[in-house]
Every structure is written in structure tokens, then in C-alpha cells.
Amino acid sequence: MGTANFSLSVLEVFHCSSLLIAKDMLCSLSRVSNVFGAGLSFLLAMAILISQSGCRAQNCEQNSNCGLTRDLFSHKLEPPVDENRDNSTIFTVILDRLLDGYDNRLRPGLGADTVTEVETDIYVTSFGPVSDTDMEYTIDVFFRQSWSDERLKFVGPIKTLPLNNLLASKIWTPDTFFHNGKKSVAHNMTTPNKLLRLRDNGTLLYTMRLTIHAECPMQLEDFPMDVHACPLKFGSYAYTKSEVSYVWMNGKERSVEVAKDGSRLNQYDLMGHEADTQLIKSSTGDYVVMTTHFHLKRKIGYFVIQTYLPCIMTVILSQVSFWLNRESVPARTVFGVTTVLTMTTLSISARNSLPKVAYATAMDWFMAVCYAFVFSALIEFAAVNYFTKRSWAWDGKKAMQAQEYKIIKNNRKLPHVSKVCRFKRKEPVALSKKANNTYNIVGTTYTLNIAKDPGLATIAKSAAAPAKVARVEEKVLECKKTYNSVSKVDKLSRIVFPVLFFIFNLVYWATYVNREPVIKDANRPH
């Protein structure tokens with residue numbers, strides 16, 4: 001009986017302190033007391049009393065902590081709410097719960113047979129440069145995508161949860177690729193330039209910075225007065241329109257934005273852009289493709305300075321030869337050959353900055369016409385020079401016949417001169433003899449073959465006196481300068497060539513400069 005009463009008192013003490021361990025120890029005491037006797041039981045009881053006094057000395061709040069301890073050891077305790085807990089701990093718990101059992105291999109809404117709608121947006125930070133030879137351009141963009149995933153809904157103290165880019169590899173993201181991209185680079189300095197935000201309703205915003213080298217098909221018939229529409233096309237690689245659909249986030253008019261200082265173009269002006277949506281059919285299904293066309297217009301100033309003005313000056317230089325005497329063969333030959341070679345060099349240099357297309361551009365037509373003008377000037381001189389030689393030989397023969405006839409008629413022999421001459425009635429002319437049997441007649445010096453012509457002895461005697469000047473009232477020699485005469489072809493060319501070249505320039509520039517630009521894009525849907 002004493003042992004039983006002692007056990008009851010111990011139970012009351014444990015009930016006050018709410019120590020489950022003491023209760024277990026008491027149960028063990030009641031079992032062991034029958035074996036080891038009252039001595040061992042007394043020692044255990046004293047230990048329990050000391051524990052009870054320690055608990056009271058700590059002033060536990062009258063059974064409140066005792067009840068907490070009882071619940072703790074009875075495995076019925078809920079996690080206590082700590083109002084001062086850091087929010088990061090809460091977010092960690094939320095993310096761990098969201099990713100628990102999440103399969104990033106499955107797109108959102110797969111089980112419900114719904115189409116995943118991806119909203120896109122593009123902000124262009126830098127556009128250019130554009131390569132004409134490779135027909136490609138470079139663009140630097142902030143590429144934004146937004147979609148909804150029901151599996152990522154959460155309830156927390158904030159509506160939007162900013163996340164690190166590392167989480168993007170743990171959730172499903174669209175498999176977007178650029179159809180006309182030759183090379184795309186995702187910037188990773190100093191860390192991957194990616195942004196991921198999660199809203200409490202499961203909507204995600206995924207943004208990354210990309211540099212894209214995309215192809216730009218060009219039609220160069222109007223070069224260098226041409227305009228182009230360089231496309232940027234992107235869409236899903238594996239999901240058809242029945243699985244993933246793309247839409248513009250802010251509509252077609254405002255979903256693509258170009259920074260005001262984003263142009264990096266030297267030869268072009270960025271006139272604007274146009275957003276659109278296409279549907280491409282292939283053997284694996286129908287795919288939605290988002291398309292943005294950037295309208296470019298070429299600046300003509302560089303080509304005017306480097307090509308057009310040199311060509312015009314070369315043509316004008318070739319027409320200067322029409323004003324030279326036709327007997328100036330070396331000078332006119334140099335003009336013709338030099339201008340032809342200059343046009344050839346200009347044509348080759350102008351083609352180096354263009355791709356090797358099979359058709360002629362507007363600049364090619366201009367240079368071809370200029371080349372024709374230059375070459376025609378060279379051919380014109382060849383014709384003039386050819387007919388000039390034949391005319392001199394014929395006129396010389398006729399002049400010699402007339403000279404012989406007049407000599408016989410006057411019964412006197414005249415000296416043979418070095419130039420083709422004819423007789424003409426003149427006023428009395430003063431003759432003055434110079435050294436070496438030469439005579440000066442009106443400023444022209446003639447050499448007389450006196451040794452072979454004894455009929456001129458009287459002239460030699462009269463001219464021997466230095467102070468005596470003979471005046472002859474007769475027909476005097478006057479040279480017929482056939483070479484110095486202006487060709488009729490040259491006279492006609494001086495007018496026809498400049499007028500035709502002026503008309504050509506007027507028609508050319510009026511045609512290409514004033515007409516409305518036509519953007520030719522063979523890849524656009526019809």
C-alpha cells in the first residue's frame with residue numbers, strides 16, 4: 001500500500017510539470033519497485049521532487065508551458081507562427097512546395113487539352129549594322145515572353161515573386177527559336193541576362209537579352225535608291241498551333257518598340273516597323289510564326305560622292321576632246337583612252353560593295369550609259385582622224401595641179417614650199433630676206449630652193465641688198481592649212497553629246513528619286 005500511495009503522489013507531481021518522461025519513469029518505478037525494493041524507489045522519488053522544485057523556481061506560466069510540453073511529447077503540436085520570421089524563409093517554403101512534384105517536361109494545360117498561349121514583346125536596344133554583301137543585319141533586343149501555368153499558383157504576402165534565372169531551368173519554358181536567325185547570342189556577362197517573375201495566379205514573365213544575326217533578303221534593282229523590309233521571325237520549334245499559340249502582348253502596333261538612339265546604321269535610315277502574325281504549314285503540322293518587318297531606306301549621299309559625280313566628270317572630260325584640233329592626235333587619244341579606263345575602274349569598284357547578283361542595278365545602268373558616252377567620244381575622234389587624213393591628201397593633189405597650171409601660165413617658176421599653198425590676189429607685200437635663203441612674207445617664213453630654180457636670180461639679187469625691200473604686186477602664196485580646219489563631225493558632237501547626256505540625267509534622276517519606294521519581300525504571305 002505504501003508503494004501505491006507513493007506512486008500516486010509522483011503522478012500528481014508529473015501532472016503539474018507535464019513531463020512525459022517523468023510519467024514513463026514513474027511507470028518504470030512501479031514495475032521496478034517490486035524487484036529492487038523500497039530503497040531504489042525512494043531514490044527515484046527524491047530525484048523527481050528535485051526536478052519539480054527546479055520547474056517551479058523558473059516560474060513557468062502556471063501550466064501554460066506545461067501544456068505546451070505535454071502536447072509536444074504527445075506528438076500533437078502544430079508549427080508555431082512566428083511573426084518576426086524572415087520573408088525569405090516563407091518564399092523558400094512556397095517555392096519548395098511549388099516545385100514539389102512539378103514536371104518541367106510537360107507544358108501547362110496538357111492534361112486539360114488547352115492551348116498554351118504565349119504573349120511576346122520586343123524592345124530593340126540596337127539595330128545595325130546591315131551587310132549588303134551577306135544580306136544580313138544585326139539586332140540587339142530584350143525579348144519578353146509571358147504565359148500562365150496553373151501548377152505555379154501560390155498564396156503569399158506579395159503578389160509578384162521575383163526569381164533568379166536558375167529557376168528557369170526547373171520549370172517549363174517555351175521552345176522559341178528565330179526562323180531567319182543565322183546566329184543568336186544570349187548575353188551572360190556578368191551573369192546570364194535573364195529575368196523571371198512569378199505572379200500569385202501562376203503567370204510568368206520571362207525576359208532575356210539577345211543579339212541576333214538575321215538574314216534580310218534584298219532586291220537590288222533600284223540600288224542605291226532602294227528600300228528593304230528586313231524580317232525578324234520567331235515561333236515554337238516543336239509545338240503546333242493546337243498546343244502553343246503566340247500572340248502580341250500589347251497588340252501589333254505597340255508590342256515592338258525601338259529605342260530612340262538605337263540606330264547603328266550608316267548607309268540606311270530606319271523608317272519604321274510593322275508587326276504581324278503568320279501561319280506556316282509543314283509536314284509536321286501548322287505553326288504560328290510572329291513576324292516583325294523593319295523598313296530601311298538607303299542613304300544615297302555616299303554613292304553620289306564616290307560614284308555618280310566621278311562618272312559625270314569623266315563623261316564631261318571625254319567631251320572636251322571635241323574642242324581640240326583634229327590634228328592633235330596624241331592629246332585626243334589620251335583623253336579617250338584615259339576616260340574609258342577610268343569608267344572601267346569606277347564600275348569595278350562600285351560592284352565590290354554589292355553581292356554578285358545576276359541582274360543590273362540602277363547604278364549599273366547609269367554607269368553603262370556613261371561608259372557608252374565615253375567610248376563614243378573615242379570612236380568619234382577615230383572617225384574624224386581617219387577622214388582628215390584622206391581630205392589632206394586629196395586637197396594637196398588639187399593644189400599642186402593648180403600651182404603647176406599657174407606657173408606655166410605666168411611663164412615663171414615659183415619655189416617649191418613645204419606647205420600646200422594656193423595663189424590669191426594680194427596687196428603689195430614687203431619681202432625681207434633672212435639668212436640661209438629664207439624669206440619672210442607677212443610674218444610667215446618660207447625657204448626658197450634657189451639652187452635648183454635659176455629663174456629666181458632677180459629675186460636673189462634684189463634681196464641681196466640689206467636695206468632694199470622689194471614690193472611685188474602679184475599673186476602671193478597663201479598656205480591652205482587643211483589640218484587646222486574644224487571637222488563638221490566635231491562641230492556636231494559639241495552640241496549633240498552634251499544635250500543627250502543632260503537629257504539622260506534628267507530622266508534618270510526624275511525616275512528613281514521621285515517615285516514611291518516599293519518594298520519587295522518574297523517571303524511575305526500573299
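Okay, let's start with a pair of residues: glycine 272 has histidine 295 as its bridge partner, and that histidine sits in β12. I should say right away that what we have on screen is a predicted model.

So, what do those two residues belong to? Strand β11, residues 268–282, and strand β12, residues 285–298, run antiparallel and are joined by 14 bridges. Together β11 and β12 make a hairpin, with two residues between them. Another pair you can click on is lysine 281, which stands opposite aspartate 286 in β12.

Zoom out a bit and the hairpin turns out to be part of an open sheet of four strands, in the order β4-β8-β12-β11, with antiparallel pairing. The edges are β4, at 176–178, and β11, each of which pairs on one side only. If you like angles, neighbouring strands here are turned by 20° against each other on average, ignoring direction. A quick reminder on what holds such things together: strands of a sheet pair through backbone hydrogen bonds, and the pairing can be parallel or antiparallel.

Right, the whole protein. We're looking at 526 residues, of which 35% count as buried. There are 11 helices and 18 strands. Taking contacts with a separation of 6 or more, 76% of them come from residues 24 or more positions apart.

How confident is the predictor? The average pLDDT is 75, and 63% of the residues score at least 70. Residues 1–23 fall below 50, and that stretch has 28 contacts in the model beyond near neighbours in sequence. Residues 390–394 are also below 50, with three such contacts beyond near neighbours in sequence.

On to the helices, beginning with α7, residues 301–319. Does the length come out long, short or as expected? With 19 residues at 1.5 Å each, α7 should span 27 Å, and the end C-alpha atoms are 26 Å apart, so the two agree. There is a kink in α7, though: about 35° at tyrosine 308, shortly before proline 310. Tyr308 is also one of the buried residues of α7, and others on that list include Phe303, Thr307, Cys311, Ile312 and Val315.

Also in α7 is isoleucine 316. Buried or partly exposed? Isoleucine 316 counts as partly exposed, because its relative accessibility is 43% and the buried class ends at 20%. The C-alpha of isoleucine 316 is 9.1 Å from that of phenylalanine 501, and those two are 185 residues apart along the chain.

Next, α8, residues 329–351. The same kind of sum applies: 23 residues at 1.5 Å a residue should span 33 Å, and the end C-alpha atoms are 34 Å apart, which agrees. The buried residues in α8 are Arg332, Gly336, Thr339, Val340, Met343, Leu346 and Ala350.

Keep Arg332 in mind for the next one. Glutamate 380 is in helix α9, residues 362–410. Why does this glutamate count as buried? Its relative accessibility is 6%, and the buried class is anything under 20%. What does glutamate 380 touch? Leaving out residues up to four places away in sequence, its contacts are Phe322, Arg332, Val489, Asp490 and Ser493. So that's a buried glutamate touching an arginine, Arg332, that is itself buried in α8.

Last topic, backbone oddities. There's a cis peptide bond between glycine 128 and proline 129, with omega at about 5°. Proline 129 is in strand β1, residues 116–131. Another cis bond joins phenylalanine 223 and proline 224, omega again about 5°. Where is proline 224? That proline is in the loop between β7, 203–215, and β8, 227–236. And β8, remember, is in the four-strand sheet from earlier.

Then there's methionine 135, which isn't a glycine but has a positive phi of about 50°. Methionine 135 is in the loop between β1 and β2, the latter being 136–148. With a relative accessible area of 22%, methionine 135 is partly exposed; the cut-off for buried is under 20%.

That's my tour, from the β11 and β12 hairpin to methionine 135 in its loop. Over to you.

Note on methods: Residues numbered from 1 in each chain as written. Predicted model: local features only at pLDDT ≥ 70, side-chain atom pairs only at ≥ 80, totals over all residues. Heavy atoms only, no water. Expected span 1.5 Å × (residues − 1). Bend = angle between axes of the 7 residues up to and from the residue. Buried < 20%, exposed > 50% of the residue type's maximum accessible area, 1.4 Å probe, protein only. Pairing = 2+ DSSP bridges. Contact = heavy atoms within 4.5 Å. Axes fitted to C-alpha atoms, helices over the stretch in contact; angles between N-to-C directions. pLDDT = per-residue confidence, 0-100.
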